[in-house]
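Here is a quick tour for anyone meeting this protein for the first time. Have a look at the sequence and the model, then read on.

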Amino acid sequence: GGWLLLQNCHLGLEFLSELMDTITTTEAMCDSFRTWITTEAHPEFPINVLQSSIKFTNEPPQGVKAGLKRTYSAVTQDQLEVSNMPQWKPLLYAVAFLHTTVQERRKFGPLGWNIPYEFNQADFAASVQFVQNHLDDMNIKRGVNWTCVRYMLGEVQYGGRVTDDLDKALLNTYARVWFGEHMFSENFCFYKDYVIPKGKTVEDYLQYIEQLPAIDTPEVFGLHPNADITYQTNLANETLSTIVSIQPKDSSTGGGETREAVVQRMADEMLEKLPPEYNPHEVKAQLQKMGAIQPINIFLRQEIDRMQRVISSVRTTLTDLKLAIDGTIIMSEELQDALDSMYDARIPKLWFRISWESATLGFWFTELLERNQQFSSWLQNGRPNQFWMTGFFNPQGFLTAMRQETTRMNLAKGWALDSVVLHNEVTKMMKEDVVGPPPADIGGVYIYGLFLEGAGWDRRNSKLVESAPKVRIE
């Protein structure tokens with residue numbers, strides 16, 4: 001009648017089948033016996049174990065209110081009174097608010113963090129322990145060493161996980177704005193109505209947290225209100241995608257065209273429009289004419305290699321899919337995914353892994369043709385006057401190649417690659433106005449294809465503006 005706990009079962013998937021056989025073939029079993037399993041999500045986890053189990057998931061709470069509530073539910077009264085310093089309780093609450101904020105920003109995707117970081121309870125516990133130790137060792141006359149506190153929070157405790165420079169700057173900004181002597185003043189707030197409460201017991205803090213809004217505006221985290229539109233859109237798309245993926249995949253559509261017929265027709269149309277694959281010898285010859293060792297041409301070669309891989313994969317998948325629909329070859333798991341995805345206007349996983357994101361299969365395929373057009377035109381007609389920046393697989397590589405090119409052009413002046421920085425200037429020219437490269441004395445390149453999210457560009461005054469223009473309706 002005991003309980004069995006098996007932890008981290010994603011590391012021993014083969015044993016789970018043996019476990020399932022043992023449980024199902026055992027003739028006599030006590031009613032109070034239970035088997036508990038902990039695991040991370042894994043695509044090869046035995047489905048029969050999942051179907052026979054009751055599932056529990058442990059996820060971070062959603063919203064500032066839920067996050068703070070969870071944090072303070074784990075705080076004991078002894079921990080709240082562990083220090084006699086008046087700064088202790090406000091600092092504990094501020095660290096809890098910072099912890100909730102860094103976790104909540106993840107839901108906004110790249111708008112929240114450039115790279116999604118796995119901040120967890122250990123980061124919070126380590127930060128609280130540091131603050132406690134710092135206050136215990138503090139010289140009362142000198143007060144809190146805020147430079148040290150900000151550095152430990154922004155660079156070590158939470159910043160130790162952060163690898164992106166802009167993300168690090170964001171974290172350090174939180175530390176600078178929220179942690180200082182000003183946080184003890186009466187008018188301090190993280191955001192309007194989000195203040196540091198004054199309480200003596202854990203219950204006092206929980207009562208204050210309980211009256212916080214259940215749904216937070218993105219402005220609480222320093223984001224534009226439009227960020228919530230992006231989050232809600234992504235959430236809805238993910239939900240709808242899940243619903244579509246678990247729908248029955250019947251071959252008939254109620255008297256109309258079958259799924260297979262629809263996909264076969266799509267495959268024929270795509271194969272007809274699909275550009276030919278690149279000839280390696282012709283590519284090499286053209287690059288030799290343009291200067292194969294020039295950084296920008298090395299970048300072009302890398303981009304063509306990746307585009308070649310995409311075109312080849314699309315052609316192979318579509319050809320094999322048609323044969324599988326006809327019954328000539330066996331329908332593999334990848335081909336089945338391609339059939340289901342194409343019917344639902346989604347990008348097959350096999351293509352998506354080696355390409356780019358897009359809303360639908362139609363947009364994706366159109367972009368394939370446009371990207372390929374830029375590369376083939378560049379290869380045949382020489383370097384273009386302007387570049388479609390978002391049509392590259394590796395835009396960062398393009399910028400690096402441009403820096404290398406500029407450095408080589410100015411070697412006589414003693415320029416070094418490490419000291420060359422990018423300078424951006426938004427021109428008032430439209431795409432059609434560009435008839436040549438930038439002047440030689442200025443250097444650089446013209447690019448287009450960038451877009452703004454949550455803002456617009458005022459061409460006349462060269463500044464950012466609200467994205468939606470004012471409209472008068474009569």
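## Starting inside helix α5

Let's begin with Thr-100, which sits in helix α5. The model is a predicted one, and in it Thr-100 is buried, with a relative accessible area of 3%. Setting aside residues up to four places away in sequence, Thr-100 touches Gly-63, Val-64, Gly-67 and Leu-68. Thr-100 and Phe-124 are 24 residues apart in sequence, and their C-alpha atoms are 9.4 Å apart in space.

## The bigger picture

Zooming out, the domain assignment splits the protein into domain 1 (3–52), domain 2 (64–226) and domain 3 (259–466). Between the C-alpha centres of domain 2 and domain 3 there are 42 Å.

UniProt has something to say here too, in an unreviewed entry: it puts "Dynein heavy chain region D6 P-loop" at residues 1–57 and "Dynein heavy chain AAA lid" at residues 88–227. Residues 1–57 come out as 32% helix and 14% strand, with 25 Å between the end C-alpha atoms. Residues 88–227 are 50% helix and 0% strand, with end C-alpha atoms 34 Å apart.

## One side of helix α9

Which residues of helix α9 (residues 202–210) are buried? They are Val-202, Tyr-205, Tyr-208 and Ile-209. These four cover an arc of only 125° around the axis, which puts them on the same side of α9. A bit of helix background fits in here: an α-helix has 3.6 residues a turn, so residues three or four places apart point the same way.

And what do the buried residues of α9 pack against? Their partners are α3 (64–73), α4 (77–80) and α5 (88–104).

## Salt bridges

The salt bridges number 15. One of them joins Glu-210 to Lys-69, with the closest N and O atoms 3.1 Å apart. Glu-210 belongs to helix α9 and Lys-69 to helix α3, so this pair ties together parts that are 141 residues apart in sequence. Both ends are partly exposed: Glu-210 has 39% relative accessibility, and Lys-69 has 36%.

Another salt bridge brings together the side chains of Arg-301 and Asp-305, at 3.4 Å from N to O. Both residues lie in helix α13 (residues 295–326), four residues apart, or about one turn of the helix. Arg-301 is partly exposed at 33% relative accessible area, and so is Asp-305 at 42%. Elsewhere, salt bridges with shared partners link Lys-65, Lys-69 and Glu-210 into one network.

## A buried charge without a bridge

Now for Asp-337, found in helix α14 (residues 333–343). How far away is the nearest side chain of opposite charge? That side chain is Lys-349, at 4.4 Å, and Asp-337 is buried with no salt bridge. The cut-off explains the missing bridge: a salt bridge needs the nitrogen within 4 Å of the carboxyl oxygen. Asp-337 is still in contact with Pro-348 and Lys-349, leaving aside neighbours within four places in sequence.

## Two unusual backbone angles

Most residues other than glycine have a negative phi. Ala-345 isn't a glycine, yet has a positive phi of about 60°. You'll find Ala-345 in the loop between α14 and α15 (349–352), partly exposed with a relative accessible area of 35%.

Ser-462, also not a glycine, has a positive phi of about 50°. Ser-462 is in the loop between β5 (456–458) and β6 (463–465), and is partly exposed at 33% relative accessible area.

How values were computed: Residues are numbered from 1 along each chain as its sequence is written. This is a predicted model: local features need pLDDT of at least 70, side-chain atom pairs count only at pLDDT 80 or more; totals for chains, interfaces and linings use all residues. Side-chain values use heavy atoms; hydrogens and water are left out. Domain bounds come from an automatic or database domain assignment. Buried means under 20% relative accessible area, exposed over 50%, partly exposed in between (1.4 Å probe, protein chains only). Helices (H or I, at least four residues) and strands (E, at least two) are DSSP runs, numbered from the N terminus. The arc is that of the directions from the helix axis to the C-beta atoms. Contact means heavy atoms within 4.5 Å. Lys and Arg count as positive and Asp and Glu as negative; His and the chain ends are not counted. UniProt positions are given in the numbering used here, feature names are shortened, and annotations may be inferred rather than shown by experiment.
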